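Colleague: I have not seen this structure before. Could you take me through it step by step?

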Amino acid sequence: MHSGADRSIPWQVWILKICVCIKQVPATTEVKFDPETNTLIREGVESQINPFDLYALEEAARIKERLAAQGEEASITAVSMGPPQAEEALREAISLGADDAVLLSDRAFRGADTWATSFAVARGLAKLEPDLVICGMQAIDGDTGQVGPGIAVHIDYAQATYVAKIESLDKKKIVVKRLLENGYEICSVRLPAVITVVKEINEPRTPSLRGKMNAKKAEIPTWTAADVEAPEDKIGLPGSPTQVVKVFSPPHREGGERFAGEPAELADRLVKLLRELEIV
Amino acid sequence: MAIRVIEDKCNGCGLCVKACPTAAIEVDPKKLAIIDLDLCSYCGSCVSACRFRAIAIDIEKQAKEDLSQYSGVWVFGEQFRGKIAPVVFELIGIGRQLADDRKSELAVVVLGDKLDNAAAELSEFPLDKVYLCEAPELAQYDGERYARVLTDVIRERKPEIMLAGATTTGRSFLSQVAIRVYTGLTADCTGLAIGEDDGLLYQTRPAYGGNIMATILCPYTRPQMATVRHKVFPTSPKRSNGSKAEIVRLNAKPQLLSSRSEILDFIEQCEATVNIVEADVIVSGGRGIQDPSNFAIIEDLAKALGGAVGASRAAVDAGWIPYCHQVGQTGKTVCPKLYIACGISGAVQHQAGMSSSDTIIAINKDPDAPIFQLASFGFVGDCLEIVPLLTKKIRALRGEA
């Protein structure tokens, strides 16, 4: 592990410390609900790095490359909270450009909602003292987008969500372009900061041979709740303000009427339909 | 905290085994479910799945303060340049129902600067109060300032429920407030109701790309907070009797107005045809469009119908149209009155973003395309031929050239 750049020693070489938060998620499109047995069907569901986190990893790798081209340095640490098998996701993160990784894993973390998850991750990050934390905009299993902003509040960093481009980055601040519903906002954020990124920001690379080798031999430490000094009443189920009380299948949609024929006929049928629907 | 199997209720049916997303449960030879605590994530799926109430999660938890001091339903009055976001009027509608069920007040809280017009507009809706927090520093949304100010107001006035639109602003902002207040926040709700027995807010939301729905409670802390998707609830009607809601001005404490961020510029890019989450009609194009120049026919139809332009991931990844148009798991989730999918096969990832549209029309050459399995009306044919004809006929109908 890196020991953390000590900002009080002026002659020390500046290294931008980046942490990328990743989550191991099931390939959600394969998770289905069986309405007959009222259960989740998870057979054959593989796990993967949350797709949005791949953009976060790639952006960290690109920042590191850009700094290297200027004769400056960056380090990338992938951080995940999850069960012991989430280590696989962290190895994949190393193959994609992270220098090292930390797994936050403890029985006591389990059952955490977004409040308790962001608290635990923030405790882990506090030990690493990064200058910049990059997260995906949301995870595709929970889809909440709450953990990134939550981490920033817990660790008391500045933040910017939905980042589509990093305009500039120096020792004191990062200037980002945020993707909003009606356009882009250009925003300057003081470091240390947490940013969450959208898909538009880059195109993730595939693992390099060297990356794969690094991933294979990397030693990934596991930090428990005690290691990150996270009190039990603020993590896992006890620390979570929300509770899931029911899980059920969404209303099933069935295909309706179907039409085939010449394009002109179909266009006429469509006009009729749009009039019936009171659209035109 | 503990999870346990109640032995005399469990008959070893194995429903919980199927339900467990972490494969932590097995049924032993004596027909009893055994939970491996090293694998269990306490998600509660097995508790929901068990028909015999044989699994229980015990949480020794209680409220740390008297929750009865909290009352009222608040809606975050998101504004941009003084104009209230359309989703706010949808939240006023459902907020009124929730407040009536709780026999409490409904208020909208707006943060910004020079909000007289916004306040006047809001006061015509069936609210009890419009709270205004005005300061030059609050003119534009800044997560840090907004979260500090709203947290302060919540602590002082103690609303029981706090709702915001699931917009980029609403989702980022309430996340910060929920952490500061130490309360629960449920994202992207599609259903909200007050429990008859317990008076709690039952918050229902899709998860796993819309494959499952979950109902969530926030029993021990207040306010109960939720972000709500666009177009899920109808826009509230205005007051019928011409009366006005009371406008209450709140002071934003100067020490709360500092921030580590600064907005340098705003580039308005997404005109009406782009803001797909607010559109009533969306015309979407996919791989079947074949060429970026053909997207013009999708835009023309959208324009003729007064709708917005959507796209599948395939079309966005091919570079035919910008990402802000993408509908689906890694794009936007939309819920328009009418969704017209043109040349979109309808992969599950796309369905995750549009399957809750009121009406779905699919136009696709391939009769076996998965999109037809959920389309309310399917048209088997080439969208490149059909769509321009359709646009022409609609224009002719309107007497346009």
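Modeller: We can begin with the two chains, then turn to a helix, a shared sheet, the cores and a loop residue. Please keep in mind that this is a predicted model.

Colleague: Fine. How many helices and strands are there in chain A?

Modeller: Chain A has six helices and 15 strands. Of its 280 residues, 52% are buried. Among contacts in chain A with a separation of 6 or more, 68% are between residues 24 or more positions apart.

Colleague: And how many helices and strands does chain B have?

Modeller: Chain B contains ten helices and 22 strands. It has 401 residues, and 52% of them count as buried. For contacts in chain B between residues at least 6 apart in sequence, the share joining residues at least 24 apart is 64%. The C-alpha trace of chain B spans about 70 × 65 × 45 Å along its principal axes.

Colleague: Into which domains is chain B divided?

Modeller: Chain B is divided into domain 1, residues 2-58, domain 2, residues 67-256, and domain 3, residues 276-397. Between the C-alpha centres of domain 1 and domain 2 of chain B there are 38 Å.

Colleague: Changing topic: what span does helix H1 of chain A reach?

Modeller: Helix H1 of chain A covers residues 51-69, and it reaches 28 Å from its first C-alpha to its last. That is close to the 27 Å expected at 1.5 Å a residue.

Colleague: Which residues of H1(A) are buried?

Modeller: The buried residues include A:Phe52, A:Leu54, A:Leu57, A:Ala60, A:Ala61 and A:Lys64. Among them are also A:Asp53, A:Glu58 and A:Glu59.

Colleague: What happens just after H1(A)?

Modeller: There, A:Gly71 takes a positive phi of about 75°.

Colleague: Now the sheet. What is the order of the strands in the open sheet of four?

Modeller: The order is S14(A)-S14(B)-S13(B)-S12(B), and the pairing is antiparallel. Strand S14 of chain A, residues 243-248, and strand S12 of chain B, residues 191-194, are the edge strands, and each pairs on one side only. From one strand to the next the twist averages 25°.

Colleague: How many bridges join S14(A) to S14 of chain B?

Modeller: Five bridges join S14(A) to strand S14 of chain B, residues 212-217. In this pairing, A:Val247 stands opposite B:Ala214. As general background, strands of a sheet pair through backbone hydrogen bonds.

Colleague: Which residues have the most contacts inside the largest nonpolar core?

Modeller: They are A:Val20 and A:Ala93, in a core of 138 residues. Leaving aside neighbours within four places in sequence, A:Val20 is in contact with residues including A:Ala56, A:Leu57 and A:Ala60, which are also among the buried residues of H1(A). A:Ala93 is another of the contacts of A:Val20, as are A:Ile76 and A:Ile134. Apart from the largest core lies another, of 50 residues, among them A:Ala267, B:Ala315, B:Ala362 and B:Ile394.

Colleague: One last residue: where is A:Ile220?

Modeller: A:Ile220 is in the loop between helix H5, residues 209-217, and strand S13, residues 222-223, of chain A.

Colleague: Why does A:Ile220 count as partly exposed?

Modeller: A:Ile220 is partly exposed because 18 other C-beta atoms lie within 10 Å, whereas a buried residue needs 20 or more.

Colleague: Which residues does A:Ile220 touch?

Modeller: Not counting residues up to four places away in sequence, A:Ile220 touches A:Glu87, A:Leu90, A:Ala101 and A:Leu103. Its C-alpha atom is separated by 21 Å from that of A:Leu132, and these two residues are 88 apart along the chain.

Key
Residues are numbered from 1 along each chain as its sequence is written. Chains are lettered from A and ligands numbered from 1 in the order in which they are written. This is a predicted model: local features need pLDDT of at least 70, side-chain atom pairs count only at pLDDT 80 or more; totals for chains, interfaces and linings use all residues. Domain bounds come from an automatic or database domain assignment. A residue is buried if 20 or more other C-beta atoms lie within 10 Å of its own, exposed if 12 or fewer, and partly exposed in between; C-beta atoms are placed from the backbone. Two residues are in contact if their C-beta atoms, placed from the backbone, lie within 7 Å. The expected span of a helix is 1.5 Å times one less than its number of residues. Two strands pair if DSSP finds at least two bridges between them. Axes are lines fitted to C-alpha atoms, for helices over the stretch in contact, and angles run from 0 to 180 degrees between N-to-C directions. A nonpolar core is a set of buried Ala, Val, Leu, Ile, Met, Phe, Trp, Tyr and Cys residues joined through C-beta atoms within 7 Å.
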